[in-house]
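Work through the following exercises with the coordinates open, and compare each solution with your own analysis.

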Amino acid sequence: MNVYLLSLLVFSPLLGIVMVALMPKKEERTIKQFGFFGTLPPLFLSFFLCSQYYSGVALSIFDIKLNWIRFGNLEMYDPKLFTVDFELGLDGLSLIFILLTTIISSLAAIASIYIKKEWKGYYLLFLILEIGMLGVFTAENLILFFIFFEMTLIPAFFLIGRWGFLEREKASYSFLIYNGIGSAVLLVAILILFARTGTTNIAALTQMMTMGGVSLFAPISGSMKYGLCLAFLVAFAIKLPVFPFHSWMVRVHAEAPPSIVMIHAGVLLKIGAYGIIRFGMGIFPEQYKSLAFTIVLFGVLSFLYGAFLALVQTDFKLVLAYSSISHMGIVMMGLGALNEAGIQGAIFQVISHGLIAALLFFLVGALYERTGTTMLPKLGGLAKSMPIFSGFMLACGMASLGLPGMSGFISEFMVFLGLFKSQPLLAAIGVIGLVLTAVYVLRAVMLMTFGKNDSLIEKEKWDLRGWEFLPTLVLLGLIISVGVYPNLLGGPLQGTIEAMMLALGGR
Amino acid sequence: MMEHAWLIPIFPLVTFLVLLLSGGRLRDRGAFIGIICTLASFVLSLLVLIERFKEPTYNISIDWLSFGGTQLSAGFEINQLNALMLVVVSLVSLLVQIYSKGYMKGEVRFSIFYAYLGFFTFAMLGLVMAPNLLQLYIFWELVGVGSFLLIGFYFYKLEAKAAAKKAFIMTRIGDVGLLIGIILLFWETGSFEYGEIFQAVQSGMISSEKLTLIAILIFIGAVGKSGQFPLHTWLPDAMEGPTPVSALIHAATMVAAGVYLVAAMFPLFMASSAAMQVVAITGGITAIFAASIAMVQKDVKRVLAYSTISQLGFMMLALGTSGYVAGVFHLMTHAFFKALLFLAAGSVIHAIHTQDMEKMGGLWRKLNWTGPLFLTGTLAISGFPLLSGFFSKDEILMAAWENGSYILFGLAVVTSFLTAFYMFRLFFMMFAGDSRSQAEQVKESPFIMLIPMLALALLAVIGGYIQTPWFGTFLGEWLVEGNEALLGASHSEGPVWIMLMAVLVSLAGIYLAYMIYVKKKLSREWLVKENSEVFRILENKYYIDEIYHFTAGYAIKGFSIFLSYIERFIVGGLVSTVTSSIEGLGKVGSKLQTGQVQQYGMIAFLGLAVLLVIFAVTGGYLR
Amino acid sequence: MTGVPLSAYLVLALVLFCIGLYGALTKRNAVIVLISIELMLNAANINLVAFSKFGVTPSITGQVFSLFTITIAAAEAAVGLAILMSLYRNRKTVNVDEMEMMKN
Amino acid sequence: MDWNTMLSYDWGAMMPEFIILGTTMILSILDLFWPKHFNRRKLAWLALTGIILACLSLISLLSFETVSILSDTFRLDSFAKAFKLLLLFGAALIILLAEGYEPREGLREHRGEFYYLFLTALLGAMVMSSSGDLITLFVGLELLSLSSYILVGMRKRDRKSNEASMKYVINGGISTAITLFGMSYLYGVTGSVNLGEMSRTMAAMTDGQLQYIMGLAFFMVFVGVSFKIAAAPFHMWAPDVYEGAPTPVAAFLSVISKMAGFVIILRLFLSLFLTASGDTFGALDFLEKNNIYIASLAGLTIIIGNVVALRQQNLKRMFAYSSIAHAGYLLVAVATLGGGYFLLDTVWFYLMAYVLMNIGVFAVIQLLSSQSGSEDISILAGMGRKSPYLAMAFTVFILSLAGIPGTTGFIGKLNIFLGTFITEPGHFVLAGIMIAGTIVSYVYYFGLLVQVFFRPVHSEKIIKIRPGLHIVLIICVIGTILFGVAPNIAFDFIHDQFGDFTDFISSK
């Protein structure tokens with residue numbers, strides 16, 4: 001049973017897919033309900049896994065490995081050569097990402113109530129997207145990872161292009177092309193590794209790259225390792241995104257439907273960080289180490305660049321988009337710090353930003369539903385007509401600017417803690433961003449909620465209501481509980497981070 | 001009792017959560033929840049303080065965040081300073097909440113106001129109880145948020161909005177300094193715990209340059225929070241918040257957190273004379289600088305705000321000149337009399353609905369309670385003999401003198417003259433002379449507002465007697481008990497003439513104000529002409545706001561706009577160059593496709609020819 | 001036997017091939033184009049036959065090959081002309097350069 | 001060669017060819033003598049039966065040892081079996097496609113001709129893949145070419161069809177001539193037309209002069225065949241011809257004819273040039289030394305195919321360019337020789353994938369264009385709304401063509417990449433071009449999906465699908481997904497049946 005649990009988890013949205021597919025097109029209510037129910041099995045399964053973890057079960061008992069593909073006819077050399085197995089596995093890091101995925105997916109499914117048309121197609125794609133995301137975080141080999149990685153790409157393309165705002169098609173194209181380039185680079189790197197070593201298993205590759213394995217056909221030279229490490233970094237930097245690869249993400253944030261941006265900012269971007277940790281850092285620790293300065297540099301650049309640009313945007317969605325770039329810069333900074341504090345901070349930042357961005361975009365969705373605009377100059381004084389909404393918005397803004405007691409602080413603090421140890425100069429430049437973050441977040445949030453506004457027609461019962469409290473409260477609760485007791489999250493990560501640090505050569 | 005001290009901040013947090021979750025439904029009843037919870041905190045703090053007199057420092061912590069081999073912990077500590085601060089904070093908070101019941105009556109978001117107050121009190125108490133720097137930083141920021149929320153309480157007022165934002169951002173700048181400071185300190189000492197840090201500092205394992213850098217960075221945090229020059233500009237603007245808030249946050253507690261921080265980190269500062277110098281000089285400059293501005297302001301609350309800045313400067317000056325006890329002592333007495341002043345000013349504002357001094361006057365007869373109360377506060381702050389301010393200010397002057405910083409001593413003396421002058425200017429303009437108010441009916445504030453003021457007035461009078469040159473230096477001895485080496489002497493000794501001079505100086509200030517504003521013997525323009533350059537500079541607060549606006553503000557905005565051009569033309573341009581070049585290639589490709597079959601053949605033949613020529617020329621050795 | 005060396009045949013074939021290619025690529029009349037293609041095929045035939053007689057290792061297969069080629073060339077010409085005829089019926093032209101309905 | 005020798009041959013090896021030939025004859029006779037009013041559409045099923053029978057007989061031959069008959073001119077080795085299987089499979093699908101083809105004008109009275117001409121073309125391709133010497137190869141090639149010239153011009157009254165077929169004849173003729181000229185040189189330097197013998201001679205060749213001529217011959221043959229597979233810069237006929245040809249014929253050209261081109265390339269290159277000596281010392285192999293030429297053509301083909309496809313508004317033209325690009329991908333495998341380990345199974349798998357996805361796409365195009373009378377990409381608009389299942393099938397094909405994981409196209413591309421990277425130094429530039437081309441291809445492939453799903457409905461007319469097309473679509477969708485998710489079904493099949501294709505050249 002345990003062995004199949006992970007596969008069950010990954011493919012459990014299929015149940016929802018079947019249910020939604022069987023519904024007639026017009027049944028809006030039922031489809032929405034089924035769509036939401038479809039996200040529940042993975043949610044419960046992930047909770048179950050989590051409870052197993054906390055009750056002390058070793059996560060490795062959930063690993064599964066089935067023979068799948070064998071390329072070429074080279075059995076005579078080694079029966080495992082050029083084979084790709086269907087192997088899923090779990091460790092603390094992936095457990096956390098899986099939880100993030102399932103929770104945000106369920107909440108985004110709720111937020112999808114705002115979707116106005118073609119619910120059936122929407123939920124089908126939505127659930128496929130969830131399979132892809134779950135698969136990415138559990139895949140134990142690179143090919144499988146890549147397959148799931150691309151599996152997130154296609155549904156997201158359609159979801160953005162079909163259900164987004166006005167310039168949605170352009171946004172979905174830019175999403176496709178940038179991510180296409182990213183995954184192309186990734187694919188090349190994966191395949192060079194595969195072709196040269198005959199395996200794509202992450203653990204085996206880590207072993208070979210760090211210890212130096214026997215090369216069967218052609219060796220991987222030192223400079224090629226650099227190239228591969230760089231390729232992984234670039235591929236995931238596009239996904240993350242890091243300056244200067246960010247322009248697609250701005251469009252997507254601005255044009256995609258808010259419920260999809262919840263997923264996108266909440267989980268999809270995080271695949272970039274996950275990839276850097278797993279592949280850049282995991283497989284090529286030596287090379288990664290020597291690239292650390294560059295990584296931090298680009299982290300700081302994105303952090304400041306995003307912050308400065310967020311300062312002058314007039315569309316709230318764009319403010320959030322640039323703030324995401326800025327926050328992803330923090331992730332890069334942490335990952336480049338090369339010490340426990342930095343790396344753990346980066347992972348925290350990933351999770352924290354996932355929760356915060358999801359909440360913010362849920363609120364954006366709620367706002368757009370009511371006012372029909374997200375342009376800052378048109379908004380204002382919402383605290384009067386929508387006090388609860390404004391309260392959440394403010395809380396969320398505070399979380400985003402790294403207020404202690406909320407998850408954002410822990411991550412920013414740890415990243416800077418780590419960075420001041422390894423790259424004090426860049427860290428010192430980076431702290432400017434902390435002030436800027438406060439400036440742009442407050443500017444945007446206060447333009448919306450404070451002050452007065454005469455142009456908006458206020459209606460009765462505008463405020464958040466009923467089911468809308470579920471996502472907001474759950475997300476805010478998570479943000480605060482991580483902020484108040486970070487060991488909640490830190491615990492599962494210890495094992496993974498220790499292994500990373502060992503490979504990186506101690507502290 | 002001390003093991004239950006963690007409940008002290010929890011009570012106000014409960015207020016916050018209950019009131020927030022209840023929405024606006026509790027209305028005025030929200031006040032009772034707030035007051036009862038704060039009362040509980042106060043009683044508990046008092047018990048803890050009493051117990052602390054006998055017992056040693058109490059410290060408990062749990063693992064909070066672990067990374068690698070490092071465990072960061074969270075917990076609380078009850079030492080002398082903490083225990084004292086707990087009482088001060090919870091007391092002032094309690095009194096202000098009682099006061100607000102009357103002051104905020106009729107406000108729509110009444111219970112939200114109490115919720116915010118609860119949140120702030122929680123954060124402030126948490127800050128005081130923190131056993132380590134990280135936890136201190138956490139609550140440090142949270143009090144900032146509390147302050148932000150309360151300044152922006154009237155969210156629909158544009159000034160309140162701007163003030164709240166400014167307060168948050170200016171203090172945030174300081175906070176970043178503090179953050180860097182504690183991070184650097186962590187890497188030097190391997191801990192955030194006070195005890196371990198002080199041990200490391202004393203063992204001399206940190207180089208003195210590093211130590212100075214860290215101390216100054218931490219001090220930057222204090223500068224931001226305590227409204228010291230040059231990050232002071234937010235504090236006067238913060239007066240846009242409701243007056244009780246000004247009393248609680250911007251006079252008694254939060255702004256004192258900077259002083260508290262320096263006091264809490266005193267051993268660290270002691271280890272670096274350069275850092276001490278910086279603290280003292282900043283304090284001295286701020287004190288006289290703010291006092292000079294306060295002399296010409298027209299808004300009651302602004303005068304009080306600048307007075308607060310000035311007094312905080314005093315405290316910094318004390319700390320910077322090794323006057324640990326003096327600084328903490330003044331912090332305490334200031335909390336009482338400045339809270340009193342604000343509440344009394346609030347009472348006046350409540351009565352005549354204006355904050356402009358020019359429109360007041362002759363209120364002494366109309367406000368029978370408020371007038372004397374305000375006078376008590378004014379006398380206390382002016383250093384009138386035998387009131388609390390007298391003793392604490394004296395202690396500061398002594399400390400400065402003893403430390404040998406005569407210039408700073410001189411600054412302090414001048415400042416106390418100015419203080420007496422502008423405070424009595426304020427008092428006389430409000431209460432003396434004829435009424436200039438348009439308000440027809442001026443009613444004394446309700447009883448519920450007077451009680452807290454009475455309590456504070458009492459404290460402002462007697463608060464000083466715990467540390468006097470005559471009846472013993474109880475406070476000082478208790479504070480430095482067991483830490484003499486780290487914190488210095490329990491009492492500053494100095495020549496007697498200092499005390500006499502201080503009395504004379506403040507009396508001179510009062511007399512001058514009396515002559516100008518009551519007797520009108522001296523023209524108002526006796527000192528500076530109303531439209532002279534100096535006056536204008538003072539009135540415009542040395543143009544600091546404008547300077548910030550035109551330098552930092554414009555620079556950031558300009559750079560942002562510059563970057564948005566980069567975003568559009570360079571980053572975007574790069575992308576469009578690639579796409580358009582691919583499209584161009586496509587265009588060329590399809591142009592070649594003319595539909596002429598012979599041309600196709602020709603191109604093919606050319607292709608063949610090229611291949612053959614290359615092969616022929618290279619002889620097949622092309623690789 | 002005769003003094004004509006292999007190279008002469010090869011050059012002849014090459015020249016013929018080039019003439020054919022030139023014709024196929026430049027002549028407007030489709031019939032001439034088709035004939036030019038025949039010329040190219042026949043140039044190859046000359047090669048085959050020449051090699052079969054004077055090649056490094058002479059053998060009869062070259063001639064057999066050329067027989068097949070001739071047949072195929074005939075078929076090709078027939079097909080080409082048939083297509084040309086149906087084109088002519090619809091378009092009333094046999095000019096190759098007027099066939100540009102489809103381009104880009 | 002007397003009667004007994006003739007009888008001693010294992011004619012069973014040619015069974016599939018005989019069946020196709022027989023079916024062709026029956027069809028042509030039936031078409032000739034059946035009354036005019038009789039609907040020739042039914043002949044499709046007969047043709048299909050023939051193909052299926054041939055397929056079955058081929059399957060029964062799979063387990064046989066390598067056979068060569070007619071003094072090694074016809075070989076039934078694993079290579080031949082593998083590719084004939086694909087050819088027959090593709091042909092069956094195209095016949096079904098043709099069954100459902102209903103153009104506005106011009107095919108009705110010649111429909112019968114279509115089937116038997118199609119079968120002769122198929123026969124040519126099959127003969128080619130079994131050929132053991134140049135003559136059979138050439139005859140097979142020409143059988144294929146001549147039949148396809150006519151097929152392209154099938155719609156006699158359609159001016160585009162006429163023009164396309166004329167263009168095809170002229171270009172095809174030139175290419176034939178060049179190929180033949182090259183072959184004549186090959187014969188000249190080896191003195192034989194038997195591939196096995198030629199291979200041995202060429203491998204032992206150390207004379208620089210002869211090697212030079214061999215080089216010329218190599219280029220001529222290569223260029224000639226490049227016409228067939230439409231590799232740049234010899235691709236230019238393809239878009240025009242595809243546009244003018246009836247849709248099933250375009251599908252045939254892009255799939256069967258292209259496959260046949262690769263069959264020749266592989267046959268010739270692997271048996272002759274792979275082992276031919278490349279320098280006077282016999283140290284380097286010819287192909288090893290000269291694969292840079294193939295590689296650069298492959299790169300050029302990928303670039304041109306994908307880049308020009310961006311600008312196309314006509315669906316068939318777009319897929320002509322797309323098929324040019326795919327030929328480029330396949331040429332990459334040829335140029336790198338699959339790194340030595342991934343050549344024949346790679347090409348085979350990719351071609352199979354290509355059969356499935358491209359025929360699927362052409363089925364959809366045929367369906368839509370015959371209903372609307374247009375071939376503009378706008379006919380796709382709103383298909384997602386109007387007939388979601390068709391749209392989903394189309395999406396699967398497009399994703400596969402774009403090489404998205406989960407589809408056969410991805411596994412195929414992956415295999416090619418493995419071949420480019422496995423050797424040292426890897427063919428990184430070529431791989432880079434290929435990956436860049438793939439990304440460019442996303443733009444136009446997804447542009448089609450944008451039409452399908454994002455644009456408003458083009459015409460409300462209900463799309464009626466004939467049973468033949470239905471079958472094609474279902475097979476293609478299932479195949480595309482199945483071999484994408486579980487490619488080992490195909491890999492195990494080829495590896496078990498054909499091993500490493502070690503019986504490629506006769507070892508007489």
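**Exercise 1.** How many salt bridges does the rule find across the interface of chain A and chain B?

*Solution.* The model is predicted, so local features need pLDDT of at least 70 and side-chain atom pairs count only at pLDDT 80 or more, whereas totals for chains, interfaces and linings use all residues. Residues are numbered from 1 along each chain as written, chains are lettered from A and ligands numbered from 1 in the order written, and side-chain values use heavy atoms, without hydrogens and water.

Step 1: with a salt bridge taken as a side-chain nitrogen of Lys or Arg within 4 Å of a carboxyl oxygen of Asp or Glu, the rule finds zero between chain A and chain B.

Step 2: helix α20 (residues 424-449) of chain A, a DSSP run of H or I with at least four residues, supplies the largest share of the side of chain A that touches chain B, namely 11 residues.

Step 3: that side of chain A divides into 38 nonpolar, 11 polar and seven charged residues, where Ala, Val, Leu, Ile, Met, Phe, Trp, Tyr, Cys and Pro count as nonpolar, Asp, Glu, Lys and Arg as charged, and the others, Gly among them, as polar.

**Exercise 2.** Determine how many residues chain C and chain B bring to their contact, and how many salt bridges join them.

*Solution.* Step 1: counting heavy atoms within 4.5 Å as contact, 14 residues come from chain C and 12 residues from chain B.

Step 2: between chain C and chain B the count is zero salt bridges.

Step 3: helix α1 (residues 6-26) of chain C gives the most to the side that touches chain B, with five residues.

Notes: Helices (H or I, at least four residues) and strands (E, at least two) are DSSP runs, numbered from the N terminus.
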